[in-house]
Amino acid sequence: MTESDGYLLDNRQSEAARRLDAFADLFDPTTFRRIEGLGIRPGWRCWEVGAGGSSVVSWLAERVGPTGTVVATDIDTTRLASVARPPVDVRVHDVGAEEPPGDGFDLVHARLVLVHVPDRERALRSMIQALRPGGRLLIEDADPALQPLICPDEHGPEQRLANRLRQGFRKLLAERGADLAYGRKLPRLLREAGLREVEADAYFPVASPACTALEAATVRQIRDRLVAAGLATDEEIDQHLAHVEAGDMDLVTAPMISAWGRKP
C-alpha cells in the first residue's frame, strides 16, 4: 500500500490500544455469541483475520483448547505478542495480497477488516478457500454510509461539529480505498461466493461509554490528517475533544453487520 491508500489507523500509533479496547468492549459480546452459535468446540482450527488486538484471539484459544489451533494474522502483529503461544500461532500476513496461511479451518473470522482491504474480493476468496468443507465463515464489518453520523440527535453546535468531523473521517477513509457501504453487501457476497445457510444481523450501539472512548481515541489518532487535509482546524478538534470528554453527547458507531455461512 502507498501512503495515500494505506490503512488510516495504524496499530503502532499511541491511540491504537485505546481504540482496540473500545472495539472489544463494544463488539466482543456480539462476536462471541455469533461464534458460539456456529458451534465452536475443543479441537477446532480457527483463523482470526486482521486480528489487531488480542481479545478475540484469547477467547478463541480458550474455546478450542490445547487440541485446537488459532492462527492469528495481521499486517501488524504488534498487539498480539502477549498471546503468541500454543494454541495461538501469530503470523504477519496480508489477506488481500497473500495466499491463506493454511487450509482445513473449521472457522474463519474477520471483524472490521475487509472494509479497509483494497482487494476485498481476493481476500474473501482466500478466506473461503481456507475453510474445510462444512467450515464456517463469519465476517463482521461496519457500514458507515448506512448511518453516517456520530451524533444522530444533532440538536446543538457541539453535535454539528462532531458530525462535521465524522464526515471528514469518512472522507479520509474513502480516499484510502475503504468501502463505506460494504457491510450491507455481505449477505449477498457470501451467497454469490457459494456459501450455504447464509444469515446476517446488525448491532448498533448508542450512547455507550465505549463509544465515547472510541471517538476520543480515533480523533486523536487522525487529527494531523484532518488538519493537513483542511477538514478541521486544531482549535475545532480541541473543542470537539473537550465536548466528548465532558460526556454530554450521545455518541454512536456505524452499524456493525455480521454475516455468516457454511462452505459446502
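Colleague: What phi does Gly177 take, just after α4?
Modeller: Keep in mind that this is a predicted model. Gly177 sits just after helix α4, and its phi is positive. The value is about 95°.

Colleague: And α4 itself, what distance should its residues span?
Modeller: Helix α4 runs over residues 157–175, which gives it 19 residues. Count 1.5 Å a residue, taking one less than the number of residues. The end C-alpha atoms agree with that expected span, because the expected and the modelled distance are both 27 Å.

Colleague: Which helices do the buried residues of α4 pack against?
Modeller: Let's see who is buried in α4 to begin with: the list includes Leu161, Leu165, Phe169, Leu172 and Leu173. Gln159, Asn163 and Arg166 are buried there too. The partners of these buried residues are the helices at 209–228 and 234–246, that is, α6 and α7.

Colleague: Okay, on to backbone oddities. Which residue is joined to Pro86 by a cis peptide bond?
Modeller: Most peptide bonds are trans. Here omega is about 10°, and the bond is cis. The partner lies in the loop between β2 (69–74) and β3 (88–92), and the residue joined to Pro86 is Pro87.

Colleague: Is Leu112 buried or exposed?
Modeller: Leu112 is in the loop between β4 (105–111) and α3 (120–129). It has a positive phi of about 55° although it is not a glycine, and most residues other than glycine have a negative phi. The cut-off for buried is under 20%; Leu112 has 19% relative accessibility, so it counts as buried.

Colleague: How does Ala207 count, going by its relative accessibility?
Modeller: Ala207 also has a positive phi, about 60°, without being a glycine. You'll find Ala207 in the loop between β6 (196–203) and α6. Anything between 20% and 50% is in the middle class; Ala207 has 43%, so it counts as partly exposed.

Colleague: What relative accessibility does Leu138 have?
Modeller: Leu138 belongs to strand β5, residues 131–142. Leaving aside neighbours within four places in sequence, it is in contact with residues including Thr31, Ile35, Leu38, Val108, Ala110, Ala259 and Trp260. Leu138 counts as buried, because its relative accessibility is 0%.

Colleague: How many Å apart in space are Leu138 and Leu180?
Modeller: In sequence, the two are 42 residues apart. In space, going C-alpha to C-alpha, the distance is 19 Å.

Colleague: Let's zoom out. How many helices and strands does the protein chain have?
Modeller: Walk along from the N terminus and you read α-β-α-β-β-β-α-β-α-α-β-α-α-β. Tally up each kind and you get seven helices and seven strands.

Colleague: What radius of gyration does the protein chain have?
Modeller: The C-alpha trace spans about 55 × 35 × 35 Å along its principal axes. A compact globule of 264 residues would have a radius of gyration near 18 Å. The chain agrees with that, because its own value is 18 Å.

Colleague: Of contacts between residues at least 6 apart in sequence, what share joins residues at least 24 apart?
Modeller: Buried residues make up 55% of the chain. As for the contacts you ask about, the share that joins residues at least 24 apart is 75%.

Colleague: Last one: how far apart are the mean positions of the positive and negative charges?
Modeller: The accessible surface is about 11700 Å², and 49% of that belongs to carbon and sulfur atoms. The chain has 33 positive and 41 negative charges. Take the mean position of each set, and the distance between the two is 6 Å.

Key
Residues numbered from 1 in each chain as written. Predicted model: local features only at pLDDT ≥ 70, side-chain atom pairs only at ≥ 80, totals over all residues. Heavy atoms only, no water. Helix = DSSP H or I, 4+ residues; strand = E, 2+ residues; numbered from the N terminus. Rg over C-alpha atoms; globule rule 2.2 N^0.38 Å. Buried < 20%, exposed > 50% of the residue type's maximum accessible area, 1.4 Å probe, protein only. Contact = heavy atoms within 4.5 Å. Areas by Shrake-Rupley, 256 points an atom, 1.4 Å probe, with all protein chains shown as cover. Lys, Arg positive; Asp, Glu negative; His and termini not counted. Charge placed at Lys NZ, Arg CZ, Asp CG, Glu CD.
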